[in-house]
Structures are given as structure tokens and as C-alpha cells.
Amino acid sequence: MIQIKTPDEIALMREAGLITQRALAAMRAAVRPGITTGELDRIAEDSIRSEGAVPSFLGYRGFTGTICASIDDEVVHGIPSRKRKLREGDIISLDCGAIFEGWHGDSAITVGVGAIRPEHQQLIDVTEQALWAGLAAAVAGGRLTDISAAVEASIRSHPHRYGIV
């Protein structure tokens, strides 16, 4: 059942999202060759807690990280580690969530580590275009499948045959 949110609830949802965004920005600024995914996890946790929020993922069904950190072709939900170092040319997906006054913010970014191969940048660009296509399809009166169809159409319109997970 769809629950209509009050303006106050929407404001709290927005703040949870902004806290998450600021944690992602702090991690993006720290990404460099040699940093570990565990260090990025600590940066995110410190950022979230400094704003009076708590990490959404930490402890969820036993998950040990504040973030999910997936490098190169790993598909989401990578577990951060103090031993796993980023290397020049990697791309890393950083997924993060924060709970603020009972409301969750959850978002992810993909970041190149130093100089990345052109085909990796192209993948990042194509997936961002697909995100924007999906957001444009999220309209009042629309269906959830309109959004997924727009994402798929955007990806499939690209000459490179990207898969969709």
C-alpha cells in the first residue's frame, strides 16, 4: 500500500538523503590508489555519525560494513576490508545508507581510481544516462515498469552491448 508522506516526513527523508550524499562526497574525495575499502568505510561511518545519523547497512543481517564497496566487475554488496587496496585504473562502486530520525537515505556512486580506461569511463557515462532516463520516466500516474523500461531502453540504445544485472 502506498503511504502518502507529510511535508515533515519528506523533509526528514531529504535530510537522510543529504547525509548519505555528504558521506559519498567524502569518500569520493578520498578515493586514490593505495586507500583501502576499509578506510573508505571508516570515512563514511564518521561522516554519517557526525551528523547525528547512524549507518543503515552496519549490522543489517550481520553485515559488517557501513558501505558496500565493489571494485571493477564485482556486482554490488562488496564487503569493505582493511586489506583491500584500490589500484590505479580501478573503478569502485560505493553504496551507502544513513538513518536519520527513523528515515533512510540510500545511494551509490561509481568512481574511477586515478586514470581509468576509456571503456570504463564510457560504462560510467552510459549508466548515468540510464539513471537520468529512469528518473525522467518517474512521473505522477506512471508505473514502476515505465522507469525500468526507460533504463533498459537507454542502455540498449548504446552500440556497445552492455548487460543489465
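A residue counts as buried here when its relative accessible area is under 20%. With that cut-off in hand, let's walk through this predicted model, starting with a strand and then moving to a helix.

**Strand β2**

Strand β2 covers residues 67–71, and 5 of its 5 residues are buried, so the rest of the structure largely encloses it. The burial applies to both faces: one side carries Ile67, Ala69 and Ile71, while Cys68 and Ser70 sit on the other, and all are buried. For its pairing, look to strand β3, residues 91–100, which runs antiparallel to β2 over 5 bridges. One of the residues to pick out there is Ser93 in β3, the bridge partner of Ser70.

**Two residues of helix α1**

Helix α1 spans residues 7–30 and includes Ala30. Thr20 belongs to helix α1 too. Here is how the two fare for accessibility:

| Residue | Relative accessible area | State |
|---|---|---|
| Thr20 | 1% | buried |
| Ala30 | 13% | buried |

Both values fall under the 20% cut-off, which is why Thr20 and Ala30 are called buried.

What does Thr20 touch, leaving aside neighbours within four places in sequence? Its contacts are Cys96, Gly97 and Ala98, together with Gly105, Asp106 and Ser107. Residues 91–100 make up β3, so you can look for Cys96, Gly97 and Ala98 in that strand.

Ala30 has its own set of partners: Ile35, Leu40 and Ile43, with residues up to four places away in sequence not counted. For Ala30 and Ile43, the C-alpha to C-alpha distance is 8.4 Å, at a separation of 13 residues in sequence.

How values were computed. Residues numbered from 1 in each chain as written. Predicted model: local features only at pLDDT ≥ 70, side-chain atom pairs only at ≥ 80, totals over all residues. Heavy atoms only, no water. Buried < 20%, exposed > 50% of the residue type's maximum accessible area, 1.4 Å probe, protein only. Helix = DSSP H or I, 4+ residues; strand = E, 2+ residues; numbered from the N terminus. Pairing = 2+ DSSP bridges. Contact = heavy atoms within 4.5 Å.
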